[in-house]
Amino acid sequence: MADFDLVIFDFDGVIVDSEVISAQMLIAELKHYDVHVDGAYVARHFLGRSYPVVLQQIRDEFGVVLPEGFEADYRARLLAAFEEKLMAMPGIKAVLDGIRTPYCVATSSSPVRLKSSLEMVGLTALFEGRSNTASEVARGKPAPDLFLHVAKRFGVEPSRCLVIEDSLAGVRAGLSAGMTVWRFVGGSHLIGLELPIDETAQPHRVFAHFDELFQIAPELTGEAE
């Protein structure tokens, strides 16, 4: 019997190599408001979190309230940058083509951004009916709400779900949901960074290349004995 009945992929930094683009743009935009952060700060405090959580972090730490139009302007510029630079994560297409265990995506991104990003990298058809966003629940990651919502939607017990996440917030959310969590660290945004460590939120496994996935868990292809 397979170890998992559902594989839940995070999206940004897992399915698409988008987080490095988002981080670079956000760092540049925040400088205009005298908020100076670097890639390590973004990875620790913003990665995997919804926009309202990011705004709250900026208010709490820097005492800066960003103007009402900041989010819309930032999102518009970010999608324009995605049009030029966004790519699927190396190896993910082969994984999606080869996986036989049911799978889906659960992301903190907005439905519009998710839809646009999937179209840009040519993966729309592979996630038809398999997309879930934080807009569907009251609390985003690191709360477990989104993952529990997804498990209920697909009729799978949380203990039978495998979560693949890149962010510490996502790892916490998956663990809080009672799921197995593997942390993917192969995105461009994590290269050269010392990843934040939380002894209370350790993933069950860490891997850096999607060509390792079926070696680690051959049962996901339906070919394991």
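**Exercise 1. Take F184 and F207 in this predicted model: say whether they are buried or exposed, then classify their ring pair.**

Solution. Start with burial: F184 is buried, and F207 is too. Next, look at the geometry. A pair of aromatic rings is described by the distance of the centres and the angle of the planes. For F184 and F207 the centres are 5.4 Å apart and the planes meet at 55°, so we call this pair tilted. Last, place the two rings on the chain: F184 belongs to strand 5 (residues 180–184) and F207 to strand 6 (residues 205–207), so many positions apart that the pair links distant parts of the chain, 23 residues apart.

**Exercise 2. Now pair F184 with F210: how do the rings meet, stacked or edge-to-face?**

Solution. The centres lie 4.4 Å apart, with 25° between the planes. Planes under 30 degrees apart count as stacked, and that is the label for F184 and F210. On the chain, F184 is in strand 5, while F210 sits in the loop between strand 6 and helix 9 (213–216), 26 residues away. F184 and F210 are both buried. To round this off, the whole structure has 10 aromatic pairs, and ring pairs also join F9, Y103 and F127 into a cluster.

**Exercise 3. Find which charged ends sit over the rings of Y103 and W182.**

Solution. Go ring by ring. Over Y103 you'll find the charged end of R130, 4.1 Å from the ring centre. Over W182 it's the charged end of R205, 5.5 Å from the centre.

**Exercise 4. Work out which parts of the chain the salt bridges of K141 and R113 tie together.**

Solution. Take K141 to begin with. Its partner is D10, with the closest N and O atoms 3.1 Å apart. K141 is in the loop between strand 3 (131–133) and helix 7 (145–154), and D10 is in the loop between strand 1 (6–9) and helix 1 (19–31), so this bridge ties together parts 131 residues apart in sequence. Both K141 and D10 are buried.

Now R113, whose side chain meets that of D12 at 3.1 Å, N to O. R113 lies in helix 6 (residues 111–121) and D12 in the loop between strand 1 and helix 1, so the parts tied together are 101 residues apart. R113 counts as buried at 13% relative accessibility, as does D12 at 5%.

One more step: D10 and K141 are linked with E165 in a network of salt bridges. The full count is nine salt bridges.

**Exercise 5. Describe the salt bridge between K115 and E119 and how exposed its two ends are.**

Solution. The closest N and O atoms are 2.8 Å apart. Both residues are in helix 6, four residues apart, or about one helical turn. K115 is exposed at 53% relative accessible area, whereas E119 is partly exposed at 45%.

**Exercise 6. Compare what lines the largest pocket and the second largest pocket.**

Solution. The largest pocket holds about 470 Å³ of space. It has 27 lining residues, and those closest to its centre are F46, R49, S50, Y51 and R113. Helix 1 gives the most to this lining, with four residues. By type, the lining has 12 nonpolar, eight polar and seven charged residues.

The second largest pocket holds about 160 Å³. Among its lining residues are K115, E119 and F127. Helix 6 gives the most here, with five residues. The split is four nonpolar, four polar and three charged.

Technical notes. Residues are numbered from 1 along each chain as its sequence is written. This is a predicted model: local features need pLDDT of at least 70, side-chain atom pairs count only at pLDDT 80 or more; totals for chains, interfaces and linings use all residues. Side-chain values use heavy atoms; hydrogens and water are left out. A salt bridge is a side-chain nitrogen of Lys or Arg within 4 Å of a carboxyl oxygen of Asp or Glu. Helices (H or I, at least four residues) and strands (E, at least two) are DSSP runs, numbered from the N terminus. Buried means under 20% relative accessible area, exposed over 50%, partly exposed in between (1.4 Å probe, protein chains only). On a 1 Å grid over the protein atoms alone, a cavity is a set of points where a 1.4 Å probe fits but cannot get out, and a pocket is an open set with protein on both sides within 12 Å along at least five of seven lines; lining residues have an atom within 4 Å of a point. Grid points are joined across faces, edges and corners, and a volume is the space filled by probe spheres set on the points. Ala, Val, Leu, Ile, Met, Phe, Trp, Tyr, Cys and Pro count as nonpolar, Asp, Glu, Lys and Arg as charged, and the others, Gly among them, as polar. Rings of Phe, Tyr and Trp (its six-membered ring) pair if their centres lie within 6.5 Å; planes under 30 degrees apart count as stacked, over 60 as edge-to-face and the rest as tilted. A charge sits over a ring if NZ of Lys or CZ of Arg is within 6 Å of the ring centre and within 35 degrees of the ring normal.
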